[in-house]
Amino acid sequence: MTIKKNKIKEKIFAILTWGAGILSIVVLLYIIGFILYKGVPYIKPSLFSLKYTSENVSLMPALISTIIMTLMSLLIAIPFGVFSAVFLTEYAKSGNRFVKIVRVTTETLSGIPSIVYGLFGMLFFVTFLNWGFSILSGAVTLAIMILPLIMRSSEEALSAVPDVFREGSFGLGAGKLRTVFKIVLPAAAPGIFAGIILAVGRVVGETAALIYTSGTVAQIPDSPFASARTLAVHMYSLSGEGLHMGEGYATAVVLLVLVIGINALSAFVAKRIGGYGKDK
Amino acid sequence: MADCFNIKDLDLYYGDFKALKKVNMDIEENKITAFIGPSGCGKSTLLRSLNRMNDLIEGCRIEGSIKLFSEDIYGKDMDVTLLRKRVGMAFQKPNLFPMSVYDNVAYGPRTHGIKGRYELDEIVETSLRNAAIWDEVKDRLKKSALGLSGGQQQRLCIARALAVNPEVILLDEPTSALDPISTGKIEELLMTLVNKYSIIIVTHNMQQATRISDNTAFFLQGEVVEYSNTEKLFSMPENKKTEDYITGRFG
């Protein structure tokens, strides 16, 4: 009797787990299919013209701004993120109060909703520092937003480097600086890189934090102090205006391709780290 | 015969734990000295204080003195970088860097400022020849060192240590992770190296100590119980505890 009951329970649970798995795939496929169906017919050469006009809502300026925005925010966030991770793993003594404070701070930073970053960026960079709605204000705001991500992944990658490498280097008379730069950082590079790629994904997909900081001007920015919109903001604006919904979907297609590409790249890099781990 | 190390009244603490107690020892130059004893007896700890690798451990404190050719290695004038160049080390498990064979061996000399191509080529070749591994790796100098077998990796680690031209080589159980054939090769290698270098080896293998070492120190619970000529220590131990250990009654 109980055996039979158990069997039925097993079956039900199996169906539930399968169902959950299938549902998540269906949702993803539906979203992608829907966007492709709505967007692909609007992908035309004119959509990639260098100039945005109210008749031809080209996404090219937004694509270029996205790239500039990504590079600028990485340029700011990578040195801070990687070097603070080096400090935490290589220099700080364990149990140090300061280390604990840094950890709590980064964890809190990574939990803050992006709109809050946007508000802070607007009040501080745009208004207080008087940088205006600009690609610089946006990039700095995003850099703060992705800093915890880069720090966290770098820290993990660095602490995964076996201590025997450090011992080997010190044992040959190398100092801390040389050990960090020649041995530890190269060994941790794949993991750090994977974190950076995830951060790129965050930047590319961000809207809330940018609307308040870099504005929505749809031209190729001519200086760091010019306002610019990224692809995601471009999409948001188009759908907000409601006049060019088709082009909005087309932009979504381009964004989707970009994000899937980035994810594939990070999966590839993560796999290579796995291989390195086996080498130890 | 001169001494390479003079250890006097050495106490070593890890935090509150006293890991070495009043160690006094003079280690002879151009000899192989073996440290034996059960796990946790302090033999590796003493080895690691000889090139100050213990500095890397938090809460490690030292009292007493260690002199390398009559220079105090814990003295104010001692440059740790230079000390580790003079006192090279190979570890329990081969710890080659994830780079090519050549770059592994050249890492030490480069650290100490040697940049010239030809000079480096020469150092790499000599070190590999001295470590008796040149013939096995000469065709794959530019390939990753991690592709070698465990025994080859360990000999390459010794070559890497030789490349900075040390005076003393410390070996921390260098064969414990190796098969008997690789172990034999390393032992042979050490017997040839001892003509040019002073060698100190920690081993838990008593046969190994009798095979290769000139002097042996027996450690127990942070103390040196007995230290003498290897032959004498293994045939006529003075201390009861030494006798119990070498006859396999404990440890």
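**Note on the largest pocket and a helix pair in chain A**

1. The largest pocket has 26 lining residues, and those nearest its centre are A:Thr89, A:Glu90, A:Lys176, B:Leu56 and B:Glu58. The model is a predicted one, and the volume of this pocket comes to about 730 Å³.

2. On the chain A side, the elements that contribute two or more residues to the lining of the largest pocket are helix 2 (60-91), helix 3, helix 5, helix 6 (163-171) and helix 7 (176-205). By class, the lining of the largest pocket holds 11 nonpolar, five polar and 10 charged residues.

3. Chain A as a whole contains 10 helices and zero strands. Its C-alpha atoms occupy a box of roughly 75 × 70 × 35 Å along the principal axes.

4. Helix 3 (residues 97-111) and helix 5 (residues 135-159) of chain A pack with their axes 8 Å apart, at an angle of about 125 degrees. Helix 3 of chain A is therefore oblique to helix 5 of chain A. The crossing of helix 3 of chain A past helix 5 of chain A is left-handed.

5. Which residues make the contact between helix 3 and helix 5 of chain A? From helix 3 of chain A come A:Val102, A:Arg103, A:Thr106, A:Glu107, A:Leu109 and A:Ser110; these meet A:Ile144, A:Pro148, A:Met151, A:Arg152 and A:Glu155 of helix 5 of chain A. Five nonpolar, two polar and four charged residues make up this contact of helix 3 of chain A with helix 5 of chain A.

Methods. Residues numbered from 1 in each chain as written. Chains lettered and ligands numbered in written order. Predicted model: local features only at pLDDT ≥ 70, side-chain atom pairs only at ≥ 80, totals over all residues. Heavy atoms only, no water. Axes fitted to C-alpha atoms, helices over the stretch in contact; angles between N-to-C directions. Helix = DSSP H or I, 4+ residues; strand = E, 2+ residues; numbered from the N terminus. Parallel < 35°, antiparallel > 145°, perpendicular 65-115°, else oblique. Left-handed = near helix turned anticlockwise from the far one by under 90°. Contact = heavy atoms within 4.5 Å. Nonpolar A, V, L, I, M, F, W, Y, C, P; charged D, E, K, R; others polar. 1 Å grid on protein atoms, 1.4 Å probe; cavity = no way out; pocket = protein on both sides within 12 Å on 5 of 7 lines; lining within 4 Å. Points joined across faces, edges and corners; volume = space filled by probe spheres on them.
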